[in-house]
Amino acid sequence: MWRAAWAAKAPARALCRAPARRAVSVAVTPAAGLADERVDTRVAGLGPGQPVTLRAVVSDERGCLFQSCAHYRADGRGELHLGTDASHGGNYTGVEPMGLFWSLAPAGMERPYQRLIPRSTDTPMKVEMLVHQGHSQHGAIHGPVMAKAEVERWFTAPGVRRIRLKEGGVRGSLFLPSGDGPFPGVIDMYGDEGGLIEFRSSLLATRGFAALSLPYFDFEDLPKVMKEFNLEYFEEAARFLQRHPKVKGPGVGVIGTGKGAELALSMITFLPEVVAAVCISGCSSNTVADLHYGEITLPGLRFDMNKVSVSDTGVFDTFEALDDPANPANSSCTIPIEKAEGHFLLVVGEADRMWKSSLYAELAIGRLRQHGKENFELLSYPGAGHRIDPPSTPFCQVALDRVLGVPVLGGGESKAHAHAQEHSWGKIQEFLHLHLG
């Protein structure tokens with residue numbers, strides 16, 4: 001797959017002649033690498049102090065164009081290094097080695113509020129890096145291209161195997177690292193967008209985890225909508241992963257975002273197979289859809305659509321809409337996490353506007369401490385929004401809701417969110433390795 005491409009490519013370089021001046025070049029190292037790793041970007045051949053605009057351009061699998069740009073000035077030698085030199089304008093400012101990646105957004109001619117999310121994990125995301133003459137203002141035509149290079153961002157390392165599952169009632173994809181194993185096993189779930197989202201699982205497999213990307217509605221023969229859930233489905237998935245010959249055991253972990261985080265809390269609470277849970281921007285109560293497990297039913301907290309506000313630009317703000325989980329009238333929805341014997345890692349963005357994930361983390365911690373439990377860690381990030389993904393995943397403050405088709409405010413500020421993604425990714429892996437071996 002990418003082994004040959006990676007070995008064959010030197011740092012991505014391209015030359016194009018600038019009048020009456022030595023050739024300008026841009027070098028990006030590695031030219032083909034993993035999507036959760038930093039690249040080193042350097043420009044040479046400029047005049048001392050010369051202003052340039054660096055731009056990144058990529059098309060997703062549907063052909064939608066995303067781009068980003070930043071303004072730089074060459075140093076006294078006519079060189080730039082994004083690892084040490086600051087951007088003075090564009091989509092971000094300051095020293096941000098990966099700023100051109102995490103600030104990618106739909107181009108002006110595209111439908112706004114779309115996410116750049118890889119649908120396929122076996123082909124790279126190809127990003128074109130361009131150096132333009134001068135500082136181009138927002139919405140203006142960029143200056144002449146002085147140099148360009150292509151970078152491949154891979155979501156699967158050589159040797160990682162992807163196995164599509166139709167095992168009993170369980171659906172999804174199992175990603176296994178190369179080698180004999182056994183490996184720590186992790187179930188990976190996203191939120192109310194539904195379907196199968198694999199890129200975090202494939203990256204976890206590149207980091208040594210046997211990762212099961214688990215959809216739970218709107219995929220193949222699973223329910224089309226979130227009406228009600230049976231925890232037995234998630235129990236079957238946990239047992240499948242725990243018993244897999246490539247999985248270390250004795251227990252498995254789970255990582256979830258949004259609704260997936262809430263399900264992760266329920267899994268570690270009720271299922272002895274689950275011994276570690278990473279909960280990103282989740283709620284400490286069951287929401288929306290009733291959850292059944294044997295004779296137990298946790299009703300779902302409801303959204304009051306009268307509390308949804310809509311901006312002048314048509315962006316929906318759902319921050320106040322969920323019923324209050326701290327209200328005693330809603331106690332039947334509370335997930336009794338104090339019963340869990342495993343360990344929790346709660347990850348929240350303090351500027352989450354999808355819902356009050358910081359408050360929900362506080363409620364969860366308060367409940368655990370009330371029962372004498374200290375089996376948790378909290379990562380709380382000022383300025384970060386709702387969906388905290390692996391490093392360099394483009395920040396999207398407002399995203400189209402896949403079901404409703406309207407733009408919904410996720411909150412956050414781009415630079416703070418990007419830093420939260422990079423920091424939390426390392427901490428998540430440390431946590432899972434600590435508790436899964």
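**Helix α6 and the Thr318 loop**

In α6, the buried residues (under 20% relative accessible area for a 1.4 Å probe, protein chains only; exposed is over 50%, partly exposed in between) are Ser357, Tyr360, Ala361, Ala364, Ile365 and Leu368. They lie on the same side of α6, because they cover an arc of only 135° around the axis, taken from the directions from the helix axis to the C-beta atoms. Exposed on the other side of α6 are Glu362 and Gln370. The model is predicted: local features need pLDDT of at least 70 and side-chain atom pairs count only at pLDDT 80 or more, whereas totals for chains, interfaces and linings use all residues. Residues are numbered from 1 along each chain as its sequence is written, and side-chain values use heavy atoms, with hydrogens and water left out.

Helices (H or I, at least four residues) and strands (E, at least two) are DSSP runs numbered from the N terminus. For the 14 residues of α6 (residues 357–370), a span of 20 Å is expected at 1.5 Å a residue, in agreement with the 20 Å between its end C-alpha atoms; the expected span is 1.5 Å times one less than the number of residues. The buried residues of α6 pack against β23 (343–349) and β24 (376–381). Gly372, with a positive phi near 75°, follows α6.

Thr318 occupies the loop between β22 (316–317) and β23. With a relative accessible area of 14%, Thr318 is buried. Leaving aside neighbours within four places in sequence, Thr318 is in contact with Phe303, Val308, Arg353, Met354 and Val408, contact meaning heavy atoms within 4.5 Å.
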